[in-house]
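Biologist: I should like to go through the assignments in this model one by one and hear the grounds for each.

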Amino acid sequence: MFFLLYTVLLVKNADGYYKVHFSKKYFSFHRLIALAFVNNPYPDLYNIVHHLNNLKFDYRPENLRWTSTSINNLYENREKGSTLKRIQHLKEKYEHEHE
């Protein structure tokens, strides 16, 4: 009889995300949930898991969505207000150049 024994650890990284340490590899907990329960309509394009309510500790499948890196960056910038600031800056620059 042969038994294979693995240790599974749940650790929190510096960004506040939980990772599962299994067999000398780390896996993001929210990514594992998404792989198991969230449909990915474009697996070749959508490789990032986004939390819809931006709460890193909310791992419910209905709160997770597959997205691309660029779309995820837009979500993050929007939440930080960066996108609106950038639009305002470009608008002011355009108006100044065309006075």
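The exchange below takes up the aromatic rings, the elements and the burial of residues.

Biologist: What should be kept in mind about the origin of the values?

Modeller: This is a predicted model, in which local features need pLDDT of at least 70 and side-chain atom pairs count only at pLDDT 80 or more, while totals for chains, interfaces and linings use all residues. Residues are numbered from 1 along each chain as its sequence is written, and side-chain values use heavy atoms, with hydrogens and water left out.

Biologist: Which elements does the protein contain, and in what order do they run?

Modeller: The protein has 3 helices and 5 strands, and from the N terminus on the order is β-β-β-α-β-β-α-α. Helices (H or I, at least four residues) and strands (E, at least two) are DSSP runs, numbered from the N terminus.

Biologist: Why is the pair of Y18 and Y59 called edge-to-face?

Modeller: Rings of Phe, Tyr and Trp (its six-membered ring) pair if their centres lie within 6.5 Å; planes under 30 degrees apart count as stacked, over 60 as edge-to-face and the rest as tilted. The centres of Y18 and Y59 are 6.4 Å apart and the planes stand at 70 degrees, so the pair is edge-to-face.

Biologist: What makes this pair a tie between separate parts of the sequence?

Modeller: Y18 belongs to strand β2 (residues 18-22) and Y59 to the loop between β4 (48-51) and β5 (64-67), so the pair ties together parts that are 41 residues apart in sequence.

Biologist: Which geometry do F29 and Y59 show?

Modeller: F29 and Y59 are also an aromatic pair, edge-to-face, with 4.9 Å centre to centre and 90 degrees between the planes. F29 lies in helix α1 (residues 29-37), 30 residues from Y59. Y18, F29 and Y59 form one aromatic cluster.

Biologist: Why does Y59 count as buried, and how are Y18 and F29 classed?

Modeller: Buried means under 20% relative accessible area, exposed over 50%, partly exposed in between (1.4 Å probe, protein chains only). Y59 has 14% and is therefore buried. Y18, at 29%, counts as partly exposed, and F29, at 27%, is likewise partly exposed.

Biologist: How do you know that T67 is buried, and which residues are in contact with T67?

Modeller: T67, in strand β5, has a relative accessible area of 2% and is therefore buried. Contact means heavy atoms within 4.5 Å. Leaving aside neighbours within four places in sequence, T67 is in contact with Y46, N47, I48, H50, N72 and Y75.
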